[in-house]
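Please work through the exercises below with the sequence and the model open side by side. Each task sentence is followed by a solution that goes step by step.

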Amino acid sequence: MNYETTVTGEGGQPLTSDFESLETESRTRSRRRLFIVLGIIIAALIAAAVAWQMTSSEAVPVADRDGQLPTVTVIAPGQTTVEGEITATGTLAARREMPVGVVGEGGRVVSVPVDAGDWVNQGQVLAVIDRSVQSQQVRSAQAQIEVARSEANLAQANLDRALQLVERGFISKADVDRLTATRDGAVARLGVAQAQLGELQARNDRLNIVAPAAGLVLSRDVEPGQTVSAGSAPLFLIARGGEIEMLAQVGETQLSNLSTGVRAEVTPVGSDKSYIGQVWQLSPVIDAQNRQGTARIALSYEPGLRPGGFATAQIASGTVVAPVLPESAVLSDDEGAFVYIIDSDNKAQRRSVTTGSVTPAGIVVTEGLTGSERVVLRAGGFLTEGETVNPQLVENDGA
């Protein structure tokens, strides 16, 4: 049999064993020691981190911080004297166009001996109109002249005989006066007949359509068999002397920098050949819509210059003193051309500029820079405005 022995205290309450109390107290002390150790370790780590941060912030030199900034190459372009040049586009045209039409009464065209593209001389026949009827009229007028001349000769002979007889008293003074009047009338009728013949011949000559001056035939709008009349549209268009011009469209600001007589180099579209001319007239008005004027560039006749074609002109506009930048330094977007400059705080700043001609040394900047700025040479597209950089200045060699 098993017997359990229970130890009770006063009042009949059971008493726990001393071993259980000791075990509980031991576990409590162990946990307390563990929390204390963990707290000490955490405090030590925090103190070490703070000390490291303070030490590192004080120990990093300025040069090391700058080494973390992006390095960019900059130039100070200064001012350069360059030959000014304006690029303009426009169309080619005849400098002096001469429309040629019918100057007589017209008729049926029987021949057209020239064609578009031919060179003609002054007075050369361009077209011939039928004159069969007019030729018969000329013959009739010539016959009338012969009749009038015969009458005039007869009247003169009668007057001569009368003058011989008047001295003998066979003819009175009144008869002489009558014969003189008859002679004068016959001579006058002869003059009228001759004038009528001259008029007919002049009319016939006008049936030939001739070139008023030497030049290049630009267009021909008549064919044999066609009936033409006075007042009809011109049949031919001639460029006098073959002279061509370019109607270059230039902005009003650039137009004010030009003068007549300056040199221009014209290159037609689709051609690699350029032609030298000079500005002979500047437009006195500016188009209100596009704010442009016309610079008329005179060119000598060349087969490669065709009126109506499109061309590009490089017009000299004198010398310009302005900064010149390499092409890599000039950027562009929807707002126009711009560059990045580095200010005194080594921060990148965007600067809008106006560009001019392109020279072997680079792009001429006509507005926006004075030349003393530090301009980012390349890789400006990777910068943002206000970004701090480490600038490296190089000499401006035009690269």
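**Exercise 1: Arginine 131 and its surroundings**

With a relative accessible area of 22%, arginine 131 is partly exposed. The model used here and in the exercises that follow is a predicted one.

Task: state where arginine 131 lies, and how far apart arginine 131 and glycine 106 are in sequence and in space.

Solution. Begin with the chain, where arginine 131 is found in the loop between strand 6 (125–129) and helix 3. Then compare the two separations: arginine 131 and glycine 106 are 25 residues apart in sequence, and their C-alpha atoms are 9.5 Å apart in space.

**Exercise 2: Leucine 235**

Task: decide whether leucine 235 is buried or exposed, and give its separation from valine 100 in sequence and in space.

Solution. Locate leucine 235 in the loop between strand 9 (227–228) and strand 10 (236–240). Its relative accessible area is 3%, and because buried means under 20%, leucine 235 is buried. For the second part, leucine 235 and valine 100 are 135 residues apart in sequence, while the distance from C-alpha to C-alpha is 5.9 Å.

**Exercise 3: Salt bridges**

Task: say how many salt bridges are counted, and examine the pairs made by arginine 189, arginine 220 and arginine 291.

Solution. The cut-off comes first, since a pair counts as a salt bridge when a side-chain nitrogen of Lys or Arg is within 4 Å of a carboxyl oxygen of Asp or Glu. By this rule the count comes to 9 salt bridges.

Take arginine 189 next, whose side chain meets that of glutamate 151 in a salt bridge with an N to O distance of 3.4 Å. Arginine 189 belongs to helix 4 (residues 173–206) and glutamate 151 to helix 3 (residues 132–166), so this pair ties together parts that are 38 residues apart in sequence. Arginine 189 is partly exposed at 44% relative accessibility, and glutamate 151 is also partly exposed, at 36%.

Arginine 220 forms its salt bridge with glutamate 223, at 2.8 Å from N to O. Glutamate 223 is partly exposed, its relative accessible area being 44%.

Arginine 291 pairs with glutamate 252, and the closest N and O atoms of this salt bridge are 3.3 Å apart. Since arginine 291 lies in the loop between strand 13 (275–282) and strand 14 (292–299), and glutamate 252 in helix 5, the pair ties together parts that are 39 residues apart in sequence. Both partners are partly exposed, arginine 291 with a relative accessible area of 41% and glutamate 252 with one of 34%. Elsewhere in the list, Asp333, Glu335 and Arg350 are joined into one network by salt bridges that share partners.

**Exercise 4: Positive phi values**

Task: give the phi values of arginine 291 and asparagine 346, and say where asparagine 346 lies.

Solution. The background is that most residues other than glycine have a negative phi. Arginine 291, which is not a glycine, has a positive phi near 55°. Asparagine 346 is not a glycine either, and its phi is positive at about 60°. Asparagine 346 lies in the loop between strand 18 (336–342) and strand 19 (348–352), and with a relative accessible area of 27% it is partly exposed.

**Exercise 5: A nonpolar surface patch**

Task: list the residues of the nonpolar patch on the surface, and describe the setting of isoleucine 41.

Solution. The patch is formed by Leu34, Phe35, Val37, Leu38, Ile41 and Leu45, which together have about 600 Å² of accessible area. Of these, isoleucine 41 is placed in helix 1 (residues 18–59). Its relative accessible area of 44% makes isoleucine 41 partly exposed.

**Exercise 6: The largest pocket**

Task: describe the volume and the lining of the largest pocket.

Solution. Start with the space, which is about 380 Å³ in the largest pocket. Its lining has 19 residues, and those nearest the centre are Ile86, Gln254, Asn257, Gly356 and Thr366. Two or more lining residues come from each of strand 2 (80–94), helix 5 (252–255), strand 15 (310–322), strand 20 (354–359) and strand 21 (362–367). Strand 2 gives the largest share, 5 residues. Finally, sort the lining by character, which yields 4 nonpolar, 12 polar and 3 charged residues.

Key: Residues numbered from 1 in each chain as written. Predicted model: local features only at pLDDT ≥ 70, side-chain atom pairs only at ≥ 80, totals over all residues. Heavy atoms only, no water. 1 Å grid on protein atoms, 1.4 Å probe; cavity = no way out; pocket = protein on both sides within 12 Å on 5 of 7 lines; lining within 4 Å. Points joined across faces, edges and corners; volume = space filled by probe spheres on them. Helix = DSSP H or I, 4+ residues; strand = E, 2+ residues; numbered from the N terminus. Nonpolar A, V, L, I, M, F, W, Y, C, P; charged D, E, K, R; others polar. Patch = residues over 30% accessible without salt bridge, like charges linked within 9 Å, V, L, I, M, F, W, Y side chains within 5 Å. Areas by Shrake-Rupley, 256 points an atom, 1.4 Å probe, with all protein chains shown as cover. Buried < 20%, exposed > 50% of the residue type's maximum accessible area, 1.4 Å probe, protein only.
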